[in-house]
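Welcome! Please take a look at the sequence and the structure shown here before reading on.

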Protein chains: 4
Amino acid sequence: MALLSRKIINDPVYGFITLDHPLLLNIVAHPYYQRLRRINQMAFAHLVYPGAVHTRLHHSLGAYHLMGDAVTDLRRKGIEISEEEELGVKVAILLHDIGHGPYSHALENVVIRGVHHETLSLLIMKELNKEFGGQLETGIRIFTNDYPKRFLHQLVSGQLDMDRLDYLTRDSFFTGVSEGVIGYDRILKMLAVVDGELMVEEKAIYSIEKFLVARRLMYWQVYLHKTVVSAEKMLVRILERARELIGRGMEVSCCSPVLDFFLHDVTAASAISSNSSNLDKFCRLDDFDVMGTIKNWIFHPDMVLSELSRGLIDRKLLKVKFQATPFDMAYVEGLKEKTSRQLGITKEEAGYFVFTGEAVNTTYNPADEKIRILFRDGSIKDISQVDNALIQQTLASTVKKFYICHLSTGS
Amino acid sequence: MALLSRKIINDPVYGFITLDHPLLLNIVAHPYYQRLRRINQMAFAHLVYPGAVHTRLHHSLGAYHLMGDAVTDLRRKGIEISEEEELGVKVAILLHDIGHGPYSHALENVVIRGVHHETLSLLIMKELNKEFGGQLETGIRIFTNDYPKRFLHQLVSGQLDMDRLDYLTRDSFFTGVSEGVIGYDRILKMLAVVDGELMVEEKAIYSIEKFLVARRLMYWQVYLHKTVVSAEKMLVRILERARELIGRGMEVSCCSPVLDFFLHDVTAASAISSNSSNLDKFCRLDDFDVMGTIKNWIFHPDMVLSELSRGLIDRKLLKVKFQATPFDMAYVEGLKEKTSRQLGITKEEAGYFVFTGEAVNTTYNPADEKIRILFRDGSIKDISQVDNALIQQTLASTVKKFYICHLSTGS
Amino acid sequence: MALLSRKIINDPVYGFITLDHPLLLNIVAHPYYQRLRRINQMAFAHLVYPGAVHTRLHHSLGAYHLMGDAVTDLRRKGIEISEEEELGVKVAILLHDIGHGPYSHALENVVIRGVHHETLSLLIMKELNKEFGGQLETGIRIFTNDYPKRFLHQLVSGQLDMDRLDYLTRDSFFTGVSEGVIGYDRILKMLAVVDGELMVEEKAIYSIEKFLVARRLMYWQVYLHKTVVSAEKMLVRILERARELIGRGMEVSCCSPVLDFFLHDVTAASAISSNSSNLDKFCRLDDFDVMGTIKNWIFHPDMVLSELSRGLIDRKLLKVKFQATPFDMAYVEGLKEKTSRQLGITKEEAGYFVFTGEAVNTTYNPADEKIRILFRDGSIKDISQVDNALIQQTLASTVKKFYICHLSTGS
Amino acid sequence: MALLSRKIINDPVYGFITLDHPLLLNIVAHPYYQRLRRINQMAFAHLVYPGAVHTRLHHSLGAYHLMGDAVTDLRRKGIEISEEEELGVKVAILLHDIGHGPYSHALENVVIRGVHHETLSLLIMKELNKEFGGQLETGIRIFTNDYPKRFLHQLVSGQLDMDRLDYLTRDSFFTGVSEGVIGYDRILKMLAVVDGELMVEEKAIYSIEKFLVARRLMYWQVYLHKTVVSAEKMLVRILERARELIGRGMEVSCCSPVLDFFLHDVTAASAISSNSSNLDKFCRLDDFDVMGTIKNWIFHPDMVLSELSRGLIDRKLLKVKFQATPFDMAYVEGLKEKTSRQLGITKEEAGYFVFTGEAVNTTYNPADEKIRILFRDGSIKDISQVDNALIQQTLASTVKKFYICHLSTGS
């Protein structure tokens, strides 16, 4: 029955998303995938933009939807994409974020040390591939860029991949930051493939210009908003403090056994790749483990842990200042001393409330990936070589700011 | 500094929401209010509509925004509303849902027995009133309909209150169910007040017609969607099972002390109103306590508890069927027996997987509140007396369906 | 070169509309089609809703776009539609309104007497078919319901055809009447074909309910809005007066030779079908001929003609009243007499400023076309037999109101 | 009766626009204002973007709506604006475009020679001021920047005036070019006034950046789109040819006496300011006069006139090429000769089909008006001095391209 293997999902961004292959339906129904419902796509951005509570599952479905449009548009232009390749590239995009843990942007090097989320995505895909009898083979090859038609990989992971097109569109939609709107549909219509490489037609140049500017705006106005940075850094400090207390032998228990496991067993993460039971444990972690635990820690006897936890839960966040140059060390030390006196803690402990760092806008790394432009005369240039001063400026513009977090004076 | 007491919040639905009074800012900053960030407005609707993850905080802010528009529009029509009344009615709408606990639609009679969320809202308002030195006095009088200008209360709670206008608009927006769109702004423009009562001008009649139909559609297509009903009922059964096991002396621990407290101490809820420490505990409950706990129960030794928990978390839900008449008891008993054999549990335990009930669309209770229409000739009629067959039909149409939940065959 | 025969058009409603067949591009480029740019889709609705200035060309392209989606969705469900049929049904929808003249709703029986716009559409299609060497053959057969797969015709012309889905969506969009929004995309997804007949799946029932109510709202709130009716009737009266003066031998010249021709030669219209030069003349008529002419008539010596013309151009419209029963003749006669005295004209002439008629909401004629519902058990019912009181009520509800137009008192 | 002097207008862009003062209602009802219904805001842009058929009336109402929001927001920040000033600034924005004639961007120096539309706006305002007993006095002073509170004028005419905010928003909406969306509401919220000058708060910097980029995109992608430029230039050439023929004594009649008047009487325009009957004539000109006339000229005996007219009406436009440097004269002459032979006309006449010019993006003239930024520390800088490379680049980027129009080869 054809109808049984078809599911239509309402999406406020694109209208409807259609899943119409049994493999895709089975992937989405899998507990590992359903877990993405419990991981917020934008972590703490909702503290500033209350609408930004959409999930990684929603984003993955959205990127998958765009992939369907891209495949249709490219085929119309005569690019050959077989049924199997279509399914493969859809599998790859559907699962591209499956390796994300809760608050992974903040926690990637705290809870699961030294294992990148893309590595985890691949491990999980391989696991699912076993479960589904090898049906994910092509998808995995595309995901790992081990497939001859390179443009398929570039649709999944590249400067103009469906991941980016969806998250900018979706994040802009749910935050209500209308300036972040990009013309994703125009960009899709302008995609081209030459010699197996993905590129865009020349007449998309203003849309690309706009795309780069919108992305820049989203970074500084949303992703790296002061309040968002403060909350993320507090979360990191909370877990670091917990680990420190554990190291000292103090009791620090989590609200779930899986988080307990990863927090107490420092070798757990590195063993994930060789131990499928550890991988399964990882796939049970989500926002509920992290925030549920921190809610409990508000009542922990350690004052550093409890104060930071209470601040994060009640949205009494550390103050943040940004500037173009590193902060003066004497200034930072002075703040620490003041905090130490104010809270009656050691200066070392005060370092949990006063600290500095760098916020980086990873908009476009010219050394890294590329946006290729196909000109009317058939020539191809990388965008960094295009004669468009505005684009050059965007590409070259500030990508780093220095921040300091500290207790608000008088509190 | 005027600017210090002003905050602008992006909202994808209305653009911007402005908070411009210190009291309003203080209320929103309070931990009791911030907790609404952790309570999903639509509970399990996101299992069908993945965008429906907006929070009670977001809805409250939205309803507050509409209130500002309503006040402005009414004043333009010559209705007198003092500064103090404006602040009061805004306080009342901002806090109208503060008494909601997690999944309160499902859990109102399970976790917190016998205490209605409006009662809790009032208790919390009173608590905040103490904390803020009596500034919520007028707001509380309006909320409890103890204020002479009755239309102010009706803006907070009535057939066309800001609560309803916002939640229908917002829920339709986030689910992507475009058919649920109501013309909230037209209705606002058509509000009138005669003899202290809120009503709408005659020319809003098609918008009201549309409002009633959209609401009906939202009920059957979203709020009472089969999958949503299934998840909610499973949650109820899970907590009932937990209580039953506790009653038998079995260990059933929650992921947080506060949920442990309410689940184990059956008199806790009734004592809330007389015990402000219990009220404070209630104000720490949110979705994280409930879902974090159920995640843990997947590994509980009791098979009923663990199976239901796993089903809810992994979205392997009980099947639901709706029909217009009650289900045949023999049929239900037959299903229970089959389930009892299938899972190797008692027939009584099978009742946790097979059960019936009623889904009620509480669209409009003609006996209860009213929509008054102001005609051009100055006469006023209740909508149930208006000569509009479509409206009469909507008002009179089916509001109840019978459902059965059961294990899917073969699983 | 595939790319040469592809055109992408921005549409604020659907994002992009793609034309990707040389025949479709040639049809759209034809002067007969381009003329639709100069015919307002909603005639005088813009006098109330200033955004409602979209054209018949835009609507035709929109309906064509939906047809593409419908074909894709039906094929996914296993319905066979050949390439030729796809092109045919697209041609048919693209040209379904080509026979509309300017203000055709109002003028169908005034300027072009007794020739229905669908007849003209067919004549023009045949003409284009000659020009394009027979390529429109299948499209014409589908348009005239002379094609075996009846569902193709029903997609072009039926209760749920692409014409209606687009015009309700588009008119609601451009007027800003958000209550008129229908879930066109959900309806498309729910289309089914059984035994060659178009129908919708049962689960679309609330969307259909909504569709019928939205259409009703659009009729009374927009299409038959008092101001819109007044302007349309004034236009009819103006042209009737012009004809009357011509009949009396008075000079009444138009701003274009083609309108002169049709206005002076009473047999012209009936000869259209047998005279392709007359058809070509018809295809040069648009809103500019009509309104340009009426602008000039503001200075015509006949006071009836000039006053009505000035009123229409300057938006000083006749007053309109609606009621459920016919107007009392004595009352109407009284108004005429008053007007006759006020303007110093004969009572007969006063009849141009005071007149009555019927406004009819042609929502759904149960005797006529049908919406078929496909139930889960495979049974099929017409919507008029569905057990849904709201739908029944909508179908049965008032479709006629009586109106009177008259000079405003004192003006 | 307060309600009588209030009108609510649906707008798809902002929802509702409220007119709530008798003077505003009377201005809008005036024939001079109603005439703006018949002037397309975007001239020929609809030839590329079929939705772009909104009118100057609609835009004026939109800018008026934003003005209301700006006044409310500024007052909330403590800026004093009296009732009379509010009315004045609203009158000024409502009438800021009243002096536009049909296709004025193209025709300003053709039909009405040497009289700028702002001059005409002022003349018409003065005329209306007489008619309305001096009630427009304050509005006129604000419009002419002859009012002490300079920020009021800047809201009407300046780099961030309501005119620009509305037309960018509205044009982007109706064309469907989503990349043109600006955050108009955020900019409004960030407006400030210091020492009587309008400025924006520092935190609006990314929105301003976005505003400048969006405007640039709209210029090159929409306002100066090749097809749009071609149609505008053809219109200019058509009217120039008509004037030339008239000069030679040939009969060239228009579809309306007013266009005849302005086309034949070369001194008419310059006499407008001293002759109110000429001003009244000007106020009867609209798109219908121009396009109605050109439709007739398709059949004019002069081949240059008829061919250009047919091309414009049937959308068979001259080809356009853009480049960064002026076109080579020999190349242009060659094309003229070819065209002269092809059409059998003189080389001079061929100049009507082959010609060059400059397309200028008037985004921001740093020498001219300014955007002032108010920094947190109270300092004020012009945007051209702000340390933001992207903005500097946008301000400095290409504003001029050279174009050539010519007959398509082989046609």
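The report below covers confidence, symmetry, one interface and one loop residue.

## Model and confidence

This is a predicted model, in which local features need pLDDT of at least 70, side-chain atom pairs count only at pLDDT 80 or more, and totals for chains, interfaces and linings use all residues. Residues are numbered from 1 along each chain as its sequence is written, while chains are lettered from A and ligands numbered from 1 in the order in which they are written.

Chain A has a mean pLDDT (the predictor's confidence in each residue, from 0 to 100) of 90, with 94% of its residues at 70 or more. For the complex, the predictor gives an ipTM of 0.94 and a pTM of 0.86.

## Chains A and B

Chain A superposes on chain B by a rotation of 180° with 0.0 Å of shift along the axis, at an RMSD of 0.0 Å; the fit is by least squares on C-alpha atoms of residues with pLDDT of at least 70 in both. This is the relation of a two-fold axis. Cys255(A) is the residue of chain A that comes closest to the rotation axis, its C-alpha lying at 2.5 Å.

## Where chain D touches chain B

Eleven residues of chain D are in contact (C-beta atoms, placed from the backbone, within 7 Å) with ten residues of chain B. By class, the chain D side has four nonpolar, two polar and five charged residues; Asp, Glu, Lys and Arg count as charged, Ala, Val, Leu, Ile, Met, Phe, Trp, Tyr, Cys and Pro as nonpolar, and the others, Gly among them, as polar.

## A loop residue

Leu224(B) counts as partly exposed because it has 18 C-beta neighbours inside 10 Å; 20 or more would make a residue buried, and 12 or fewer exposed. Among the contacts of Leu224(B) beyond four places in sequence are Ala359(B) and Asn361(B).

Note on methods: Two residues are in contact if their C-beta atoms, placed from the backbone, lie within 7 Å.
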